[in-house]
Amino acid sequence: MGESDRNGAFREAEVGNPHVHVTRSFDAARLRASWQRSERYGVPEDEVMPVFSGAVDTGSLLYECGTEVLRGLQATLANEPISLMITDSEGLVLSRLCTDASINRSLDRVHLAPGFYFAESNAGTNGLGLALADRAPSLVRAGEHYCTDLRGYTCAAVPVLDPLTGALAGSVNLTTWSEQSSELLLALAQAAAGNTAALMLARASGRIARPTPRGEVFRVYADRVAPGDVTRLSPAWTTAVDSARTAFEAGRVVAVVGEPGAGKTALAAVARRALWSRERLLNARPPAPDDVDTWLTLWTPELAKDGTCVIVSGVEALPAWAAEELARQFAEVRGDGPPPFVLTAPDAGAVPVALRPLVDRVVELPALRFRPDDILPLAHHFARRDRGRDVTFTSAASRALTAYDWPENAKQLRRVVREAASRSDVVDTAHLPAEVFSGVGHRLSRLQAMERDEIVRCLSEPGATVVHAAGKLGMGRATLYRKMAQYGLNARQLKS
C-alpha cells in the first residue's frame, strides 16, 4: 500500500470507525507519524509477526515493582476483560496479567504475550510501541492500529522512566476489546506507571529522584565555556576538542557522545568558540514529553539566525515525532557553511533514527574516570568560578579527588567542589563529602549512607586513629575495619 493509500486508510479509521475518536489534532499527527514509521520499517499490514525473544528478565527492578503494582490493580478489575502488561524499553513484553480466558486466547493468537517484542518496528502502530517511541502516554483504539490483526483491541500505554537516571525503563500497557469503553483506560495506565516509578524509587535504597526535565534553553557564555585553560587538560580532552573543531571547520554535523555529566556540551562549545569566538551559542535541554511541542517552538526559530548555533543536548530523550520534526528543520537550515546545530547523546546508537542520517561525525568524550589528569584542573576551575577567586586544595584533598571514580562525572565534581569551596578557601578532606572516600560500587540505603558518613567524620578528625574512631562509634576495632572495607574507605586518604 502506498503512502497516499495509507493516509486515506488512516483518515477512514479516524472518522469511519465508531470506536475511534481522536480528540486532538496533535494525537492524530502522532498516530499518522507512527503509521509512516511502521511502513518504513516494512511491518506487514495484515499480520502481526513480532520477534520472539525466548528470554525475559524477571530480575529487574521494573519487573518486580511493575508486576506488584499491576497485581494490585488487577484485584480491583477482577470482572473486567482487561490485560495488564509490563514491557522493557525495547518493547519486549515481560509480564501479562489477565483473568479473562477469552481475551487471553485472543492475545495469544496475535502474540501479545511475554517474550515477544511489540515495538513499532516489530508490530507497527500499537499502544505500547507508540508510548515507547514518543516517551508519552498513548491510547491506540481499534482502526488506529497499523496491523489489521490488532484492530479488535484498544491499548493504553504509559512509559516508565527510571526515577534515578531519567532513562526509559519500559512501559505499562493495558489492553481490552475495542468495543469496550476506553475513557478510563489511559488514566488507569498512567496511575499504574506512576505507582511503578514511585515503588522503584522507594526500593532503590532511598536515593533522591531525578528532577523532572524542564526543557531549559539558555545562552552559553564565553567565560563559562572552557573548564579552565584547555591546554592544561589531558590529551583525551584536547583530542576530542580538536576532532570536533576539525569537523565544524569542514562543515560537518557533529554528535558528541559520552556518559551523562562528562562535559559534552562544554566540549562542543569550546570547539565552536575556537573557530568563531563571537558566535552566539544556545543550549537546548530536552523537556518532559508533554512540553516538547512548546519547547520546539521556543528555540527552533533561532536556527535561521546568522551567527547562532544551538547545542541540542540529550537527543536520546526526544519522542520519535519530535526527532522527525527536528530532522526536517535541520535539513532546511543546513547549507554550505557550518551547520547551526550540534547534538549530544550517551552513544551513537542512542541518537534517534530520524536524526542519524544528518550526523557526519561522532566525537566521543571519555568519562572523567578515564581522564584523571583533568580532575584537579577542573576542580580549580569550578571553585574559582563559584567563589570568584582561587581556592587551594591540600595534598590530602587532592589525593582523595583524583582517587575517586566520579560515577556522575564532571557534574558530580562540580557539585562536590562547590560545596567544599563554600566552606573554606583551603579545601581539606574534612570539607569533602563522605561519598568521595567511598569506593563502593552499589547503592547504599539511607542507614548505610549515614553510617558511612559518621565513620568518615570520626576518621578524619585531627589526630584520629582507627582505635580512637572505633571508641567514638561504639564498635570494636575489627568491626570498624570490616565496615571500612564494606564502604571502600581508606584511612590514609582521610588524613591531611
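The paragraphs below lead from the chain as a whole to its two sheets, the helices beside them and a few residues with unusual backbone angles.

This is a predicted model, in which local features need pLDDT of at least 70 and side-chain atom pairs count only at pLDDT 80 or more, while totals for chains, interfaces and linings use all residues. Residues are numbered from 1 along each chain as its sequence is written, and side-chain values use heavy atoms, with hydrogens and water left out.

The protein chain holds 17 helices and 13 strands, where helices (H or I, at least four residues) and strands (E, at least two) are DSSP runs numbered from the N terminus. Of its 496 residues, 50% are buried, a term that stands for under 20% relative accessible area, with exposed meaning over 50% and partly exposed the range in between (1.4 Å probe, protein chains only). The chain exposes about 22400 Å², and carbon and sulfur atoms supply 50% of that area, as computed by the Shrake-Rupley method with a 1.4 Å probe, with only the protein chains shown counting as cover for residues. Among contacts (heavy atoms within 4.5 Å) with a separation of 6 or more, 71% join residues 24 or more positions apart.

One sheet is open and antiparallel, with 5 strands in the order β2-β1-β5-β4-β3; two strands are taken to pair if DSSP finds at least two bridges between them. Its edges are β2 (93-97) and β3, each of which has a single partner strand, so one side of each is left without a neighbour in the sheet. Neighbouring strands are turned by 20 degrees against each other on average, direction ignored. Although β2 is an edge strand, 5 of its 5 residues are buried. It is joined to β1 by 4 antiparallel bridges, with L97 of β2 as the bridge partner of L84, and the two strands form a hairpin with 4 residues between them, in whose turn G91 has a positive phi of about 90 degrees. At the other edge, 4 bridges join β3 to β4, again antiparallel, and S138 has A157 of β4 as its bridge partner.

Two helices accompany this sheet. Helix α7 (residues 185-202) packs on the sheet, touching β1, β3, β4 and β5, and its direction makes about 25 degrees with that of β4. Helix α3 (residues 61-76) lies across β1 (82-88), β2, β4 and β5 (168-177), running at about 170 degrees to β1; such angles run from 0 to 180 degrees between N-to-C directions, on axes fitted to C-alpha atoms, for helices over the stretch in contact. Within α3 sits G72, which is partly exposed because its relative accessible area is 42%. G72 and A192 are 120 residues apart in sequence, yet their C-alpha atoms are 9.5 Å apart in space.

The other sheet is also open, but its pairing is mixed, with 6 strands in the order β6-β8-β9-β10-β7-β11. The edge strands, β6 (217-219) and β11 (361-364), each pair on one side only, and the twist averages 25 degrees from one strand to the next. β6 pairs with β8 (residues 280-284) in the antiparallel sense over 3 bridges, one of which links V217 with A284.

Helix α8 (residues 235-249) has 15 residues, which at 1.5 Å a residue should span 21 Å, in agreement with the 21 Å between its end C-alpha atoms; the expected span is 1.5 Å times one less than the number of residues. W237, A240, V241, A244, A247 and F248 of α8 are buried. Seen down the axis, these buried residues fall within an arc of 130 degrees, so they line one face of the helix, the arc being that of the directions from the helix axis to the C-beta atoms. Their cover includes β7 (254-257), α9 (264-275), β10 (341-345) and β11, whereas the face turned away carries the exposed residues P235, T239 and E249. Just after α8, G251 takes a positive phi of about 80 degrees.

Most residues other than glycine have a negative phi. A142, in the loop between β3 (138-141) and β4 (153-161), nevertheless has a positive phi near 30 degrees, and it counts as buried because its relative accessibility is 2%. W406, in the loop between α13 (395-403) and α14 (409-421), likewise has a positive phi, of about 50 degrees, and at 0% relative accessibility W406 counts as buried.
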